[in-house]
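Let's walk through this one together, starting at the ligand and then moving out to some helix pairs and a couple of backbone oddities.

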Amino acid sequence: MLPENLLAGQMMHRPLRVGDILEYAAEIHPDGEIVTAAVEGGLHRATYPALRTRVARLAHGLRAMGIGAGDRVATLAWNTQRHFELYYAIAGIGAVCHTINPRLSADQFTYIVNHAGDRAIFFDSTFTPLLEALWGRMPDGLIPVELCAPGHVTAHTIPDVRAYEDLFEHSDSFDWPDFSEEAACALCYTSGTTGDPKGVLYSHRAMVLHSLFLMASAQSTYRAGNRILPVVPLFHANAWGIPYAAPLAGCSIVMPGPRLDGASLWELMNGEEVGTAYGVPTVWLGLLDEMDRRGAVPKGLREVVIGGSAAPRPMIERFMADYGVDVIHGWGMTEMSPVGTLSALTARMEKWPLQERIDLKARQGRRMFGVDLKIVDDAGSRLPHDGLATGELFVRGNAVVSGYFENAAASISAFDAEGWFATGDVAAISEDGFLMIADRTKDLIKSGGEWISSLDVESIAMGHPGVANCAVIAIPHPKWDERPLLVVQKALGTDPEVDELRAHVGKHLASWQVPDDVVFVDELPLTATGKVSKLELRLRFKDHAIERTPG
Ligand code: AMP
């Protein structure tokens, strides 16, 4: 109800629902397609009109299985056409597509399926062993469906597994139900470092708005005809909005399936003339190495979108200076649908010298419409957006979580008194709106009362030719509370020394910010979403003795 002194607008109220995106794409962008490097091997193609038909047939199949409005339906799947179909068919009938990250621990996986109360689980054959091992811990009545053709089921120890392609019924159209835009369409759990994973329940309205905001902020990406490759998995936070925004904008999606190494990605991108690819920093290390090996950019590649963790400046430089591939640096969270900021530059900024543009891209970008940002000090008072003041980052917006699914305790502690969501990130914001993430609150290093940003040190260390990948963690110190330790994965064929790496970092930072020691590992541990796991590194090196005196 509007207050009396306001005049109500007289416009229709049509619900914003994700199902309408595919309808629109099929009508307006009939040449748009989904190309999949299939789990079984080979390339598979389907246009948006063909997908609309398949999604309608699948919806009949879901109904026939007894899936109805509000039911949660789990997926355990790679980036493929089938996963895309499930996104739309499940949401279209008013049910909730619950994407599960197969890299979670057995306990987290079991917790999530039970907590969500999933009615069915659709899984790629790759994950048969995982599901077979955990089947005894799954909820009663969970319906298993393997994403395969009839007769190709591999999960023999699970009773009554159905083959996905058997579900498709013959009617090519579906009488989609009418429901509120506030209804949930998708569910994704985010696993913090402590406690059980927390569910983020997305509404149809938020997903449509998020897609529109994304299109407005990433105009170089969302142009009809562009071909987008999400390396970021569809089980990670709506794969950053691509499954919705791409069809809406008339872009095709090239789905890489399970093969995500640099060589496989290079081949697929080159063959399919992918214009934009999305992923976390670690996957781009593999692609860049492959580009170096071949001395060539995959045909058609114009830009890469790097998010999920900070994109180190040297990585941005390799793409932009060595290969002429533009970088868009993005920041967001599962709780934000998930994109918050993007480093798309204006026409004026595009004319700046290359190194200045790279400096700008090393920041996390500017907020999308529909995302408000504030930084606050320890007392909760707002800090200015002057590029210097650094504080905890809070957000609010049309596609930001308002509470966790069936988890009142976690919901209460996630918001401040004004209802803003606490991101757990520490950041500064420049006068012209560029976000600069310094760290996760828990990853900041406190040395002698001064903060050291692990992200800053990592970005500099990555610029040394002997460093393939690295992480900086805090080590307890009797005098300084904490001191930074640099953990390095060496670049192939190099053998950098501790003092050489320290000297390199020391060229760019104050001496007390330079890590006291460097340790070398064969491979950095990754989290379920492909980010470097600092939690695991902190555990591994908690007893590492630092003898040097800083400064
Ligand atoms: P998730 O919900 O798993 O996507 O994790 C969200 C968190 O990832 C954020 O709160 C940040 O700490 C981190 N993150 C995402 N993108 C970036 C980025 N571009 N730079 C720094 N941190 C990032």
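Which backbone lies 2.7 Å from a nitrogen atom of the ligand? That's G330, through a backbone N or O atom. Before going on, keep in mind that this is a predicted model, where local features need pLDDT of at least 70, side-chain atom pairs count only at pLDDT 80 or more, and totals for chains, interfaces and linings use all residues. Residues are numbered from 1 along each chain as its sequence is written, and side-chain values use heavy atoms, with hydrogens and water left out.

Back to the ligand. There are 15 residues around it (near meaning that one of a residue's heavy atoms lies within 4 Å). G330, T334, D425, R440 and K531 come nearest of these. Besides G330, A310 has a backbone N or O atom 3.2 Å from a nitrogen atom of the ligand. H329 uses its side chain instead: an N or O atom there is 3.0 Å from a ligand nitrogen atom. For reference, a polar contact is a pair of N or O atoms within 3.5 Å; within protein, one must be able to donate a hydrogen and the other to accept it, and residues adjacent in sequence count only if both atoms are side-chain atoms.

Now for the helices. Two packed helices are described by the angle between their axes and the distance between the axes. Here, axes are lines fitted to C-alpha atoms, for helices over the stretch in contact, and angles run from 0 to 180 degrees between N-to-C directions. Helices (H or I, at least four residues) and strands (E, at least two) are DSSP runs, numbered from the N terminus.

Take α2 (residues 48-64) and α3 (residues 81-92): their axes come within 9 Å and cross at roughly 60°. That makes α2 oblique to α3 (angles under 35 degrees count as roughly parallel, over 145 as roughly antiparallel, 65 to 115 as roughly perpendicular and the rest as oblique). The contact (heavy atoms within 4.5 Å) includes Y48, L51 and R54 of α2 and Q81, R82 and F84 of α3. By class, its residues divide into 11 nonpolar, 1 polar and 3 charged (Ala, Val, Leu, Ile, Met, Phe, Trp, Tyr, Cys and Pro count as nonpolar, Asp, Glu, Lys and Arg as charged, and the others, Gly among them, as polar).

Next come α10 (residues 313-323) and α12 (residues 354-361), whose axes come within 9 Å and cross at roughly 135°. That makes α10 oblique to α12. R313, I316, E317, M320 and A321 in α10 meet a set in α12 that includes L354, R357 and D359. This contact divides into 5 nonpolar, 1 polar and 5 charged residues.

Helix α6 (residues 204-217) packs against α7 at about 65°, with the axes 9 Å apart. M207, S211, L212, L214 and M215 of α6 touch Y244, A245, L248 and A249 of α7. No charged residues turn up in this contact, just 8 nonpolar and 1 polar.

Finally, the backbone. A237, in the loop between β10 (227-230) and α7 (242-249), has a positive phi of about 45° although it is not a glycine. The peptide bond from S337 to P338 is cis, with omega near 10°, and P338 sits in the loop between β14 (326-332) and β15 (339-342).
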